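Here are three short exercises to work through with the model open beside you. Take them one at a time, then compare your reasoning with the solution.

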Amino acid sequence: MSNFEYTEDQKIAYSHMNSRDNVFITGPAGTGKSSIFIEFLNEARRNQRIPILASTGAAAVIIGGRTFHSFFGLGIMQKERSKIVYEALENPKIERNMTRSSIIAIDEVSMLPAEALSVAEEIARVARGIDKPWGGMKVLVSGDYLQLPPINKNSDYHDWAFLGDVWDRSDFKVCLLTEVVRTDDKHFIDLLHRIRKGGYDQEIYDFLSSIVIEQEDLEEYEGTRLFPHKVSVNDVNLRKLNELPGKEYSYDTIFTGDDRYFTSLARSIPISESLVIKEGALVMIRRNALDLSYVNGTLGIVKEIHDKYILLEIENRKGKKVDVAIEKTSYDWLAGDGTVMASARNFPLSLAWACTIHKAQGATIDNVCVDLRGVWEHGQAYVALSRVKHVDGLKVIGWDNNSIQVDSSVVSYYDDLTPETEIYDDNKIFGVPEKPFSLEKAMKEF
């Protein structure tokens with residue numbers, strides 16, 4: 001282990017990730033799911049190849065991984081299941097993905113439909129020629145089903161991965177993180193836990209009422225406003241930028257590589273196709289520093305603008321104002337085999353007077369003002385309200401009786417969980433399992 005400071009739950013999770021078992025890391029926002037996940041992978045990947053997969057393109061570019069669908073050759077899953085499986089097995093790149101990997105890691109699993117998980121598992125099992133779940137690969141997944149769900153454009157039904165038979169057959173060891181490290185406000189944590197499970201009673205009503213921001217104060221608000229819809233975000237950011245005096249600077253995001261991937265990459269990156277800023281602008285850093293001196297979601301005020309760097313004033317982990325120089329960085333779109341197909345390069349910054357709730361998932365933000373009117377998705381209100389380190393940094397523009405939504409099947413799933421409570425006693429990362437058959441033999445069996 002590194003110098004990372006582990007909670008007791010994280011120690012249990014880390015030990016089980018080192019075992020031969022499949023593992024599901026879950027828990028409320030702010031418990032360090034991503035931190036312990038990445039901490040383990042950074043260590044384990046020194047000795048072996050571990051693809052990091054994400055449920056969406058946006059999540060993939062943030063973590064420097066590839067999408068789950070591309071790794072398994074699923075496409076957009078509009079064909080018959082048998083055809084998707086057959087075409088994936090015929091693709092030599094997909095076959096290499098299956099046979100070269102002994103462990104795979106999947107982030108934000110809550111946004112991955114059960115059908116996608118099921119088809120992928122079949123592809124892995126057949127390509128590897130081993131009649132075990134995932135063809136004997138170890139599978140690590142992380143996420144919170146009480147946050148944002150799988151995208152389903154056709155109905156209100158959510159095809160949660162935990163409802164599928166593959167989830168049961170994978171026999172995940174559940175590591176439930178319970179200690180919130182984002183904030184130490186116990187009362188605030190308790191309220192968030194209740195909202196996470198759909199709670200809406202007099203105490204929660206009173207809490208939301210107590211943090212409502214008055215209209216006259218809203219115009220002078222200096223934090224980040226979170227909205228359900230993008231149009232509100234663009235309106236606020238443009239207006240606030242135009243109110244600033246001084247010269248306006250514009251930096252276009254430069255796309256390189258295969259232009260067939262530019263549209264998907266542009267839609268997935270956490271920055272705009274053109275960064276327009278001024279000195280004095282409130283911005284959000286959309287990248288983690290290697291030394292974690294700042295993280296995705298850190299807010300800063302632009303002090304100086306240069307072609308090679310932008311100087312920001314931020315608040316560090318000790319609450320002290322410090323200056324950091326932010327240089328340009330690249331966000332990559334990876335093919336299923338890990339090849340960089342396209343890159344987008346610019347300063348990893350976005351105007352931060354406003355942001356969508358979806359874009360804010362995973363971020364820790366110092367001061368947030370949330371508009372919960374018009375939310376349409378399960379977990380959306382919880383994601384918005386749980387971004388801050390302390391309740392003093394949280395304000396609400398408004399809400400209604402439909403703002404706090406949750407799927408009862410997810411609540412039941414978490415109520416029935418039996419999490420691991422002890423350290424696994426063999427802290428050795430396991431090696432490559434049984435040697436898989438050739439693709440030719442696997443295809444014949446299929």
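**Exercise 1. Is Cys355 buried or exposed, and which cysteine sulfur is nearest?**

Step 1: Cys355 has a relative accessible area of 8%, so it is buried (buried means under 20%, exposed over 50%, partly exposed in between, with a 1.4 Å probe and protein chains only).
Step 2: A disulfide is a pair of cysteine sulfur atoms within 2.5 Å, and the whole structure contains zero of them.
Step 3: For Cys355, the nearest cysteine sulfur belongs to Cys369, 13 Å away, and Cys355 is in no disulfide.

A word on the source: this is a predicted model, where local features need pLDDT of at least 70 and side-chain atom pairs pLDDT 80 or more, while totals for chains, interfaces and linings use all residues. Residues are numbered from 1 along each chain as its sequence is written, and side-chain values use heavy atoms, leaving out hydrogens and water.

**Exercise 2. Describe the surroundings of His358.**

Step 1: Find His358 in helix H14, residues 357-360 (helices are DSSP runs of H or I, at least four residues, and strands are runs of E, at least two, numbered from the N terminus).
Step 2: With a relative accessible area of 34%, His358 is partly exposed.
Step 3: Beyond neighbours within four places in sequence, His358 contacts Leu148, Trp376 and Gln380 (heavy atoms within 4.5 Å).

**Exercise 3. Which strands stand at the edges of the open sheet E14-E13-E12-E11-E17, and why is one side of each without a neighbour?**

Step 1: The five strands pair antiparallel (pairing takes at least two DSSP bridges).
Step 2: E14 (321-327) and E17 (349-351) are the edge strands; each has a single partner strand, so one side lacks a neighbour in the sheet.
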